[in-house]
Amino acid sequence: MSVAFSGAIALSALCLPAAAQAAERPGSAARLGSFAAHDVHPNTSLGNISFSKAAINGGKDIVLGTTTKKSVTVTYTATSSSGVALTEAFLWQGTDSSSTDTITGSLGTDDDPTCTESTTRTGVYACKAVFHINAASDLKNNGVAGTWKVFLGGYDLYANASYDDDVATTRIKKASRLTANAAPEPVKKAKTITVTGSLKRADWNNGKYAGYAGQEVLLQYRKKGGNTYTTLKKVTSSTGGVLKTTTTATADGYYRFSFATNTTTAASTAAGDYVDVR
């Protein structure tokens, strides 16, 4: 049997705590905590609804600049012999989902996830939750870049609660920016070329891009008429994300810096700067 409830009716009928009913994003920590406030340890599941096969953003990192607005889809399977009336989904950071004191970051959905029962397997539901994330408001002083977990909860048709606070993980990363400038232009063959630039990444708290120091960046070169870049050397960004290095002029071509992703920051590549070698 497949039963559907509207979010408002289901929440009222299931008598969720008032904090859970009233909370709005980005202050979803209270709503998450009230749902998970059961006498169990974190990183465990509770109830007769099991959650599985969760995929966040299609398995890709969630990359956010200072003003990025992004819709992130989470798909999962909810299974219960007692049916599924309603599910809830949160992205969160912390050590214990049942307390706002131990939730360091949280993101909720604007609308309840949708769940559709399988036509061939009774009690198995394919569910989808959509997180509409606005970096300028939702990430300000709310969690840090790195690993986030997905919390899934729900109620069966008899109003019994279930949840699992660590069904799957994702990485929410700060967008980065790279610049590169090669000089002098033009330059004589075999003379020194100085390449300068900067590496910056999004700071969600102040809404600006800040210099990213101490990071390994590659200096790359593409010969005029060529299709691929070759790495010439590694450079480490200094205070303020400043980059500066030298290389020898060999032929007309393009120079750029390239930064590979890490656990908190997304990859970026500067536009190639052309140098005429004479």
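These are my notebook entries on the fold, the nonpolar cores and some local backbone features of one protein chain.

**Overall make-up.** I worked from a predicted model, and I began by counting secondary structure, which gave 4 helices and 19 strands in the protein chain. I then looked up burial and found that buried residues make up 45% of the 278 residues. The accessible surface came to about 13,400 Å², with 49% of that surface belonging to carbon and sulfur atoms. Turning to contacts with a separation of 6 or more, I noted that residues 24 or more positions apart account for 68% of them.

**Nonpolar cores.** I looked next at the largest nonpolar core, which has 28 residues, and the members that touch the most other members are Ile56, Leu64, Leu91, Leu107, Phe131 and Trp204. Several strands each supply at least two residues of this core, among them β2 (50-56), β5 (86-94) and β10 (161-174), while β8 gives the most, with 5 residues. I followed Leu91 outward and, not counting residues up to four places away in sequence, I found that it touches Ile56, Ile62, Gly105, Ser106, Leu107, Phe131, Trp148, Lys149 and Val150. I also recorded a second, separate core of 21 residues, which includes Leu178, Leu243, Ala249 and Phe259.

**Ile49.** Is Ile49, in the loop between β1 (45-46) and β2, buried or exposed? I found a relative accessible area of 4%, so I entered Ile49 as buried, the cut-off being under 20%. Leaving aside neighbours within four places in sequence, the contacts of Ile49 include Ala78, Thr79, Val84, Tyr155 and Ser162. I also checked Ile49 against Asn160, which is 111 residues apart from it along the chain, and their C-alpha atoms are separated by 9.0 Å.

**Cis peptide bonds.** In the loop between β11 (176-183) and β12 (192-203) I found Pro184, which is joined to Ala183 by a cis peptide bond with omega about 5°. Pro186 has its place in the loop between β11 and β12, and a cis peptide bond with omega about -5° joins Glu185 to Pro186.

**Positive phi.** Which residues other than glycine have a positive phi? I noted Lys53, with phi about 50°, and Asn57, with phi near 55°. Lys53 is in strand β2, whereas Asn57 lies in the loop between β2 and β3. I entered Lys53 as exposed because its relative accessibility is 68%, with the cut-off at over 50%, and I entered Asn57 as buried because its relative accessibility is 16%, under the 20% limit.

Definitions and conventions: Residues are numbered from 1 along each chain as its sequence is written. This is a predicted model: local features need pLDDT of at least 70, side-chain atom pairs count only at pLDDT 80 or more; totals for chains, interfaces and linings use all residues. Side-chain values use heavy atoms; hydrogens and water are left out. A nonpolar core is a set of buried Ala, Val, Leu, Ile, Met, Phe, Trp, Tyr and Cys residues joined through side-chain atoms within 4.5 Å. Buried means under 20% relative accessible area, exposed over 50%, partly exposed in between (1.4 Å probe, protein chains only). Contact means heavy atoms within 4.5 Å. Accessible areas come from the Shrake-Rupley method with a 1.4 Å probe; for residues, only the protein chains shown count as cover.
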